[in-house]
Amino acid sequence: MHTLLKIREKTNAYILTGIALLTIVFMFSTIGPLVSAFDPLLTAPAMRLTAPGSVHWMGTDDVGRDVFIRVIYGIKISLIIGVVVALISGITGTIAGVSAAYYPITSKVIMRIVDGIMAFPTIILAIVLAGILGAGMRNIIIALSISYFPMIARVVRNATAEVLATEYVESAEVLGKSNTYIIFRYILPNIASPLIVQITYTFAMAILNESILSFLGVGIQIPTPSLGGMVSDGRNYISTAPWIITFPGLVISWIVLSLDLLGDGLREMLDPRRRRAS
Amino acid sequence: MLELQMREQNSHPKPPLLLEIKNICKSFVSKNSVIKAVDRVSFNIHKGETYALVGESGCGKTTTGRMILRLLDVDKGQILFEGIPISGLTKRQLRKKRHTIQIIFQNPYGSLNPRMKISTLLAEAIVSRAEKPSHIRAEAERLLQSVGLGKENLDKYPHEFSGGQRQRICIARAIATHPKLIICDEPVSALDLLVQAQILCLLQKLQKEYGFSYLFISHDLSVVRYMSDRIGVMYNGRIVEEGTRDEIFKNPQHSYTRLLFASLPTLKNADAFAAAHIQKDTETCQKVLRQGKEHSNQKVEVSPTHYLLADQ
Ligand SMILES: Nc1ncnc2c1ncn2[C@@H]1O[C@H](COP(=O)(O)OP(=O)(O)OP(=O)(O)O)[C@@H](O)[C@H]1O
Ligand SMILES: [Mg+2]
């Protein structure tokens, strides 16, 4: 009983920490543009490679742009990409997973595709897709969504198959409920926990991989600020102007860490085995 | 007057047929082997009657029940419900008819959607009825009360209840559609003895009140004796003996039926049964065994309501 309580407290601590860390990043990116007078695209060759100080709080980069305001805009782009990719792959993955669990023929086709996609390491797939589609925010979102939808489809398929085998679903069938009713009132509420957890991880992975794509030059186009792109730019000055790479790098870690904490906490809290025990 | 005439015309003492099962078969194909789960099973259930299927684990009782509910399709044979073959119904027709047959599962922990309140669970059953009542919540309260639970439970979730209470909720849900047949698949075997007795009493009380029939699936003979009007003994996918409760309990004929009685020390009077029937073969049984060698799969009548399969 005591251990159970402790786990519960720890779980809540994960979720709370994750949310708190995310809120800080979000506040930072909202308030930032209001307190900084700089333009993220404005170059000032005279001010290049200035160390952090009272004017440029995070210093300037190799063409004299303010790192602080670029990090702020980079966070915005990262969060947008993370949210949109998580939503798109979450929705398509859920539709694919549920229909695969419901209809055996669809299942064969969908799961072939999913297995095919998953045979590639996600980042390589994303790089190839981004390479084919071309750089730019929209294409990155498409590439990352295609890369992450299979994982969600698989999680949803397995969870749905588990729920479909339960007697409570049979009890609804015996009442003459339609498939639509059963999907919305029985399947989705009962697969919500693994789905939410997977979507949270997808959010984190999308942000991390956007950074990697931008770092590799197939992501967000120059000169639009992106965290990965800034890390990429900054690596040539790592010894002379370490602030260029440090601040965006820290922010990426911060966001990914907070999403990971949130995902772990949610998984613990929503685990049906623990819920049943309570 | 009309009623009297009808009674006179209808010389049968039995109420009309509700369910007719004719030679149904079901096999499952698993990795390079075929399991004949149900093999040429036939039986009838009359209105208001309780028919029990007994037999050891894995003999095909649940599979039979699932075919009647059309959760599984039959491989061969026919199931007639009120004279209509259920395998002939389209999906849409089936959905409209489904409320007439309901089920109570063995495991009360797995048969209620954990994400729904009791009020929703009952409401979705109530609206499946042919004619919906106008006050669904009032109807849900009434149903809960009729299974012995207070209306204050309506806004709770299934995990807030004990096994016995959950089984009561499952029962309320099953009767909510005004079914004509309820399949009880080992409805009390997950419960402790005292609760078992309460649930069985409740099932009987409700049957008197509503007049539906039960297909009562169990391997517990003491439970079956308490509940059933007629009994089918299943072994290896087949019904090896069928008769009224008294015929089966007082005069078991098939060697498997006797084995079933003998293996049940919990049954009161088990010793009496054993003494009376196990050691000495009765005349009929010997006759059956003799016949069995010649015609296997032959039905042998002991009485108009009592037969056994000479298949050994
Ligand atoms: N979906 C299935 N796939 C494969 N085999 C199955 C399936 N369902 C049942 N079986 C097999 O069919 C046989 C009969 O199963 P069934 O569940 O009808 O038995 P039962 O009489 O209800 O047993 P119990 O008393 O244990 O509930 C068993 O051998 C079982 O393994
Ligand atoms: Mg069973």
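Which residues do ring pairs link into a cluster? In this predicted model, the answer lies in chain A, where F28(A), W57(A) and F68(A) are joined through ring pairs. Over all chains, the count of aromatic pairs comes to ten. A good one to bring up on screen is the pair formed by F43(B) and Y51(B), which is stacked because the ring centres lie 4.5 Å apart and the planes meet at 5 degrees, an angle under the 30 degrees that stacking requires. Both partners can also be described by their accessibility. F43(B) counts as buried, at 3% relative accessibility, and Y51(B) is likewise buried, at 0%.

Aromatic rings also take part in contacts with lysine. In chain A, K76(A) sits over the face of Y73(A), 5.5 Å from the ring centre. Chain B offers another example, with K299(B) placed over the face of Y307(B) at 4.5 Å from the ring centre.

Turning to the cysteines, the number of disulfides over all chains is zero. C25(B) takes part in no disulfide, and the nearest cysteine sulfur, in C59(B), is 15 Å away. C25(B) is buried, its relative accessible area being 11%. For C201(B), the closest cysteine sulfur belongs to C184(B) and lies 14 Å off, so the gap is too far for a bond; a disulfide would need the two sulfur atoms within 2.5 Å. C201(B) counts as partly exposed, with 43% relative accessibility.

How values were computed:
Residues are numbered from 1 along each chain as its sequence is written. Chains are lettered from A and ligands numbered from 1 in the order in which they are written. This is a predicted model: local features need pLDDT of at least 70, side-chain atom pairs count only at pLDDT 80 or more; totals for chains, interfaces and linings use all residues. Side-chain values use heavy atoms; hydrogens and water are left out. Rings of Phe, Tyr and Trp (its six-membered ring) pair if their centres lie within 6.5 Å; planes under 30 degrees apart count as stacked, over 60 as edge-to-face and the rest as tilted. Buried means under 20% relative accessible area, exposed over 50%, partly exposed in between (1.4 Å probe, protein chains only). A charge sits over a ring if NZ of Lys or CZ of Arg is within 6 Å of the ring centre and within 35 degrees of the ring normal.
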